[in-house]
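Here is a short tour for someone meeting this structure for the first time. Have a look at it, then read on.

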Amino acid sequence: MDAITLIGAMSVLAAGLCIALGGIGPALGEGNAAANALRAMAQQPDESSNITRTLFVAMAMVESTAIYAFVVTVLIMYFNPFWNYAVEMASK
Amino acid sequence: MNTILFQIFGYDVSVEILFSIMIVAAFCIGSLFWIRNTIGRIFVLFLILSAWFSSITTGGENTSGLNLQNVDTMPILTLGPITIGGTVFYSWLVMAVLTILAWMATRNLRSTLKVSGLQTAMEAVVRTIRSQIIDVSGDNPTHYIPIMGTFFLFIGMSNLMTIIPWFRAPTASLSTTAAFSLCVFCAMPIYGIRNAGLKGYLKKYIEPTPIMLPLNILSDFSSTFSLAFRLYGNMLSGAIIASVLMMLAPFLVPLPMQILGLITGTIQAYIFALLAIVYVSSVGPQKPFTDQLNFY
């Protein structure tokens, strides 16, 4: 297997693994946060606006990990420096 | 599905584009019957049609591959030696829309019973931002509203304007979001020192114990990074989903995602402004703010 094949195969694998593993944790966390917020809102409906705002902030915090994974995936898929380097070396 | 039925003006009309035009037309006609208000009808028609066109144009005209042209380097105008990229141009467009709206709303302000609709809408927006700032920071909102309100309005307007065909949101570029989060990074010490003085602000870094000093310094940087990347990633994922769906099932399936993008765009603008307020007011004022004007 030459270098360009290896880089291509590994990039695709890495991109898939990156978004898959990076998505699991935030998904569990967001589900947990939403479930607890719903429970809190059912118990004290007067505080629902306060809870919703805090929930938004917390969800954004939790979600940012998934966004990092997504950005890295996009980097690997479309702006891959190693792939560009390999193509450049192969064309020489 | 790609069977070409007939040609019109040199364009091939296939089965799927015919179907999608029929379904969008059915949506439009149905909404005309459903809504009994002239402005509402025009608004819903505009929403459906422009969302449809914009989902097609952001996905790219070629349905063969992903069209992920970088907005930063997309040349729009060339003024002599200076080439103006997409991000700057579309930012100017959003700024122009916001400025014209604000100018029209504040042109003749009235406090009588007869106020214009635009003034009422703008007052509602400003009032909501004010009350949110009071709730989150517990501080006088007058100091925060120029920067935080601008973040919310600019990001929200640029995300909402993606409904216009050929408009690419400037927030889908890392340079714009990094500039915004750098503004927040610079605003953190300024507001902290204003609220608690230099000594009180520096005390934030050695709380709860001086061992946490490196982590506290690091958290300032990481919050700045996360602000920038969150907005960028969310907006970019919208564009990528549109182009992937455009490649898989063109002309109709991207439409609901485009309308969903309006909701997520507004939520992202809200979250950016809210987190900026949280970070900036982390070193809070000495005594809690009581709204004596009872403005909201």
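Where is the kink in α6(B) centred? The kink is about 115° and is centred on G197(B). The bend at a residue is the angle between axes fitted to the seven residues ending there and the seven starting there.

Before going further, some ground rules. This is a predicted model, where local features need pLDDT of at least 70 and side-chain atom pairs count only at pLDDT 80 or more, while totals for chains, interfaces and linings use all residues. Residues are numbered from 1 along each chain as its sequence is written, and chains are lettered from A and ligands numbered from 1 in the order in which they are written.

**The bent helix**

Back to α6(B), which covers residues 174–203. With 30 residues, the helix would reach 44 Å if straight, at 1.5 Å a residue, but its end C-alpha atoms are only 33 Å apart. (The expected span is 1.5 Å times one less than the number of residues.) Among the buried residues of α6(B) are F180(B), V184(B), M188(B) and Y191(B). Buried here means 20 or more other C-beta atoms within 10 Å of the residue's own, exposed means 12 or fewer, and partly exposed is in between, with C-beta atoms placed from the backbone. The cover over those buried residues includes α3, α5, α7 and α8 of chain B.

**Chain B as a whole**

Chain B has eight helices and four strands, in the order β-β-α-α-β-β-α-α-α-α-α-α. Helices (H or I, at least four residues) and strands (E, at least two) are DSSP runs, numbered from the N terminus. Of the 296 residues in chain B, 29% count as buried. In α8 of chain B sits I259(B), which is partly exposed because it has 15 other C-beta atoms within 10 Å. I259(B) and L215(B) are 44 residues apart along the chain, and their C-alpha atoms are separated by 41 Å.

**A hairpin in the open**

Strand β3(B) has five residues and zero of them are buried, so the strand lies largely in the open. It pairs with β4(B) in the antiparallel sense over four bridges; two strands pair if DSSP finds at least two bridges between them. Two residues separate the strands of this hairpin, and G80(B) in the turn has a positive phi of about 65°. Two of the facing positions are listed here:

| Residue in β3(B) | Opposite residue in β4(B) |
|---|---|
| T78(B) | T83(B) |
| L79(B) | I82(B) |

**Chain A and where the chains meet**

The mean pLDDT of chain A is 88, and 100% of its residues reach 70 or more. pLDDT is the predictor's confidence in each residue, from 0 to 100. Among the elements of chain A, helix α1 has the highest mean, 92, and helix α3 the lowest, 84.

T52(A) belongs to helix α2 of chain A. It is exposed, because it has 11 other C-beta atoms within 10 Å. T52(A) is 15 residues from A37(A) in sequence and 7.6 Å from it in space, C-alpha to C-alpha.

How many residues of chain A are in contact with chain B? There are 10, and they meet 13 residues of chain B. On chain A, the touching side has nine nonpolar, one polar and no charged residues. Contact means C-beta atoms, placed from the backbone, within 7 Å. Ala, Val, Leu, Ile, Met, Phe, Trp, Tyr, Cys and Pro count as nonpolar, Asp, Glu, Lys and Arg as charged, and the others, Gly among them, as polar.

Definitions and conventions: Contact = placed C-beta atoms within 7 Å.
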